[in-house]
Amino acid sequence: MPKRNDLHDLGTLTTEKSSTAEDNIALLRELVSHLRQNRTQLRQEWARRITEAKLLTAMSQEEIFTEATAVYDNYVEALETGTFEALQAYARNLSERIIPRGVETHEVIGIVLLLRDVLARSLFAKYQHDFALLFRILDAYEPAANRIANTVSVGFVQERERTIRQQQEAIRELSTPVLQVRERLLILPIIGVIDPQRSRQLTEQLLRGIRTNRAKVVVIDITGVAAMDSNVANALVQTVEATRLLGATVIVTGLSPEIAQTLVTIGVDLAKMNTVGDLQGGIEEAERLLGYKVVPISETAQSV
């Protein structure tokens, strides 16, 4: 059982903590009031420092000042309310707009640190005759400022990573286009290196294309693939099998001697894989399977 002195000490400690929290709130209110009263001057100083440090060079002076104004206002609101949702939303929106223009992560971190410096200098100027009060305000301000800087920086990095993932996905889709050349006939030309991730993406795209176009024959041309290891070769076989499950026939064209040797080495049953020497031959074989008849132009002219 706690002694009376222990309970007294605990009560005193609780009271001191409550008093400190209230004191911090009062100091932050004083800080917010200072930032609002000097809004125009501090924004202009911050924008000037951004330009002087050669940050956000992809943006015009007017754009920098506009964004600085919005960030400043969100910054002050976060200090005043202690909530960061609005600042997070604005940071994401800002990142979406400036990342495509080539703004780098270090620039965003740099402008946030510059704002901290501008605000700190203004506090030194205001409270230069009362260092005790200055240090108390800085002690109350620093944790909030650190969290704000972290919020903006993390938001930018997350948006940048999302943009990079989207760009990588777009590049992969462009590098493995599923093309419809006739009704029920698709061509998948593959160029470059096939890694496991690209192999999975290739299979997914092909299966979606078969379902969307109700394809019956698919020509996979690997003329542009220089090498293929056993893992990728097995993935190609699995793609062929998955395609068959959807009711489509696969014709593989453009096998190099090296790739053919790899398929033999890993024990692929080539009887299950319809192969043709080149893409033209593959298309002709596909048309034959679909029941198309190729008529020479001369015969067509004579019939007319």
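Author: Buried means a relative accessible area under 20%, exposed means over 50%, and partly exposed lies in between (1.4 Å probe, protein chains only). The model discussed here is predicted, with local features needing pLDDT of at least 70, side-chain atom pairs counting only at pLDDT 80 or more, and totals for chains, interfaces and linings using all residues. Residues are numbered from 1 along each chain as its sequence is written, and side-chain values use heavy atoms, with hydrogens and water left out.

Reader: What makes strand β2 mostly covered?

Author: Five of the seven residues in β2 (185–191) are buried. Strands are DSSP runs of E of at least two residues and helices are runs of H or I of at least four, numbered from the N terminus. The protein chain holds 11 helices and five strands, and 38% of its 304 residues count as buried.

Reader: How do you know that β1 and β2 pair?

Author: Pairing requires at least two DSSP bridges between two strands. Strand β1 (179–182) and β2 share three bridges and run antiparallel, so the criterion is met. One of these partnerships sets L179 against I187 in β2. Two residues separate the strands of this hairpin, in which R184 takes a positive phi near 70°.

Reader: In which sense do β2 and β3 pair, and over how many bridges?

Author: Six bridges join β2 to β3 (217–224), in the parallel sense. P189 is placed opposite D221 of β3. The path from β2 to β3 passes through helix α7 (196–213), and the β-α-β crossover is right-handed: with the strands pointing away from the viewer, the path from the first strand over the helix to the second runs clockwise.

Reader: Why is T69 called buried?

Author: T69 has a relative accessibility of 14%, which lies below the limit for burial and therefore earns the term. This residue belongs to helix α3 (61–81).

Reader: What does the side chain of T69 meet?

Author: A polar contact of 3.0 Å links the side chains of T69 and R43. The term applies to a pair of N or O atoms within 3.5 Å; within protein, one must be able to donate a hydrogen and the other to accept it, and residues adjacent in sequence count only if both atoms are side-chain atoms. Beyond four places in sequence, T69 is in contact (heavy atoms within 4.5 Å) with R39 and R43.

Reader: Why is E104 called partly exposed?

Author: Its relative accessible area of 32% falls between the two limits, so E104 is neither buried nor exposed. E104 sits in the loop between α4 (85–98) and α5 (105–126). F156 and R160 are its contacts once neighbours within four places are set aside. E104 and R160 stand 56 residues apart in sequence, with their C-alpha atoms 9.0 Å apart.

Reader: What makes a group of residues a nonpolar core, and which members of the largest one touch the most others?

Author: A nonpolar core is a set of buried Ala, Val, Leu, Ile, Met, Phe, Trp, Tyr and Cys residues joined through side-chain atoms within 4.5 Å. The largest core has 48 residues, and W46 and L79 touch the most other members. Helices α1 (4–37), α2 (39–52), α3, α4, α5 and α6 (131–175) each supply at least two of its residues. The largest share, 12 residues, comes from α6. Residues up to four places away aside, W46 touches A68, V71, Y72, I111, L114, L115 and V118. A separate core of 24 residues includes L202, V225, V240 and V268.
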